[in-house]
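Reader: I'm new to reading protein structures, and I'd love a close look at one part of this one. Could you walk me through a helix and its surroundings, and then show me how the rest of the chain fits around that picture?

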Amino acid sequence: MAGRPLKPIPASAPWARRALVQRLRSLKESSGMSCAVLAEKCGFSDGVVRRALAGGHVPLWETVERIAAVCDGSGLAGLWSAAKAEEVQPGVTRLASGMVTSRAEFVESMIFMRTDGGYPPLHLLERRAGTDQDGRTRLPHSTLNLVLKKRMPPTEVLFVAFMEALEVPVSKRPAWMDAHRRVFADAPVRRPFGVPPPVVLDEPAPVNSCQAAERALSRIEVAENIKAKTGQLREPDDYDLLGLGYLNTPVPGPQWPELYDDEELAAWEAGAPGGPRAQESGGLREELRALLRRTQEPGAPGGAAVVPA
């Protein structure tokens, strides 16, 4: 089983991946080792070595580096970086620091830096960058993930920590820092760590009490207009002003049921404190109702009803 031949490289494999896998296969053939023996010397399983030589995907840099070391090969770093960049950013051209003119191109250059450094996981980059003098993480993996997805611009401090974690040559860092300042010159300044965000009110605070009163009155007017349109508010009439609003109740019907019953109203007036006053108000009520009936009879002259003194 261990000596079965490898399958041909898929015809759909990109050229950079194909070149890398062909180089790995040639190193294996030159060493004279089978996949099982090569896997044992590398400390891998036979399946890991066969998948790395199959060409279906770009293997991890650690796998390629171990196979090259066991087979006494070299020069695979450039092939692997090109294959990984082709897999991560297909169709994107690598640009020098002086040719970067947009934020998207700058982030793409950061991804190329990551592929050149072996494409380590973001958590590993966070551990490599360490913490600052205040004990805060210099390269948070969540923030770096947003930066690499082009959702937020990288700060200068974060970009410096990113290059240090990837061990970018010191001679190349000043040029990339100039490119960062040129491209992100108009980027919004991020809040310092620990500073709360500013409070944004829905409307500016009033300058004085008069303006506050005017705004309160305007709100009340708007609310009353809405209630008037929806039928929740009506203009007061003479009976409401006299405290006899129950005489102006709507006509009973399916939409307006009987709101006040005469017997219940008489019982309530009889039980109210001040019996004589209740009797007087009851007599006034009957007199007003009689006056209303006369004004509502057919042929009765129109006009406002006059409440007798």
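Author: Happy to help; here is a walk that starts at one helix and then moves outward along the chain. Please keep in mind that this is a predicted model.

Let's get our bearings. The chain has 309 residues, and buried ones make up 28% of them. Its secondary structure comes to 14 helices and 0 strands, so let's pick one helix as our starting point.

That helix is helix 3, which covers residues 46–54. Which of its residues are buried? They are V49, R50, A52 and L53. If you look down the axis of helix 3, these buried residues fall within an arc of 160°, so they line one face of the helix. What covers that face? The cover over the buried residues of helix 3 includes helix 1, helix 2 (35–42) and helix 4 (61–70). Just past the end of helix 3 comes G55, with a positive phi of about 90°.

Now follow the cover to helix 1, which spans residues 15–31 and holds R25. R25 is a good residue to pause on: it is buried, yet it has no salt bridge. The nearest side chain of opposite charge belongs to E29, and it is 7.5 Å away. A salt bridge would need a side-chain nitrogen of Lys or Arg within 4 Å of a carboxyl oxygen, so that distance is too long for one. What does the side chain of R25 have beside it instead? One of its polar atoms lies 2.8 Å from the backbone oxygen of L53. You met L53 a moment ago, among the buried residues of helix 3. Leaving out residues up to four places away in sequence, R25 touches L6, K7, P8, I9, L53 and A54. Two of those names, L53 and A54, bring us back to helix 3.

Further along is helix 5 (residues 76–88), where S81 has its place. Is S81 buried or exposed? Its relative accessibility is 6%, so it counts as buried. Beyond its neighbours within four places in sequence, S81 is in contact with R94, T115 and D116. T115 and D116 belong to helix 6 (103–116), so S81 links helix 5 to helix 6 through contacts.

Next, let's see where nonpolar residues gather. In soluble globular proteins, nonpolar side chains tend to be buried together. Here the largest nonpolar core has 26 residues, and L139, L144, F159 and F162 are those with the most contacts inside it. Which elements give two or more residues to this core? They are helix 6, helix 7 (122–129), helix 8, helix 9 and helix 10 (173–183). Helix 9 supplies the largest share, 6 residues. To see one member up close, take L144: setting aside its neighbours within four places in sequence, it is in contact with M110, L122, L125, L139, L158 and F162. Apart from this core lies another, of 21 residues, and A16, I67, A68 and A83 are among them.

The loops deserve a visit too. Between helix 8 (141–148) and helix 9 (156–165) sits P153. P153 is partly exposed, with a relative accessible area of 26%. Its C-alpha atom is 7.5 Å from that of F184, although the two are 31 residues apart along the chain. P153 also touches V147, F184 and A187, not counting residues up to four places away.

The loop between helix 9 and helix 10 holds V168 and also E167. How do these two compare in accessibility? V168 counts as buried at 10% relative accessibility, whereas E167 counts as exposed at 66%. V168 is in contact with M113, M163 and R173, leaving aside neighbours within four places in sequence. The C-alpha atoms of V168 and M113 are separated by 7.5 Å, with their positions 55 residues apart along the chain.

One last detail concerns the backbone. Most residues other than glycine have a negative phi. E167 has a positive phi of about 55° although it is not a glycine. Y119, in the loop between helix 6 and helix 7, also has a positive value, near 50°. Y119 is partly exposed, with a relative accessible area of 25%.

Notes: Residues are numbered from 1 along each chain as its sequence is written. This is a predicted model: local features need pLDDT of at least 70, side-chain atom pairs count only at pLDDT 80 or more; totals for chains, interfaces and linings use all residues. Side-chain values use heavy atoms; hydrogens and water are left out. Helices (H or I, at least four residues) and strands (E, at least two) are DSSP runs, numbered from the N terminus. Buried means under 20% relative accessible area, exposed over 50%, partly exposed in between (1.4 Å probe, protein chains only). Lys and Arg count as positive and Asp and Glu as negative; His and the chain ends are not counted. A polar contact is a pair of N or O atoms within 3.5 Å; within protein, one must be able to donate a hydrogen and the other to accept it, and residues adjacent in sequence count only if both atoms are side-chain atoms. Contact means heavy atoms within 4.5 Å. A nonpolar core is a set of buried Ala, Val, Leu, Ile, Met, Phe, Trp, Tyr and Cys residues joined through side-chain atoms within 4.5 Å. The arc is that of the directions from the helix axis to the C-beta atoms.
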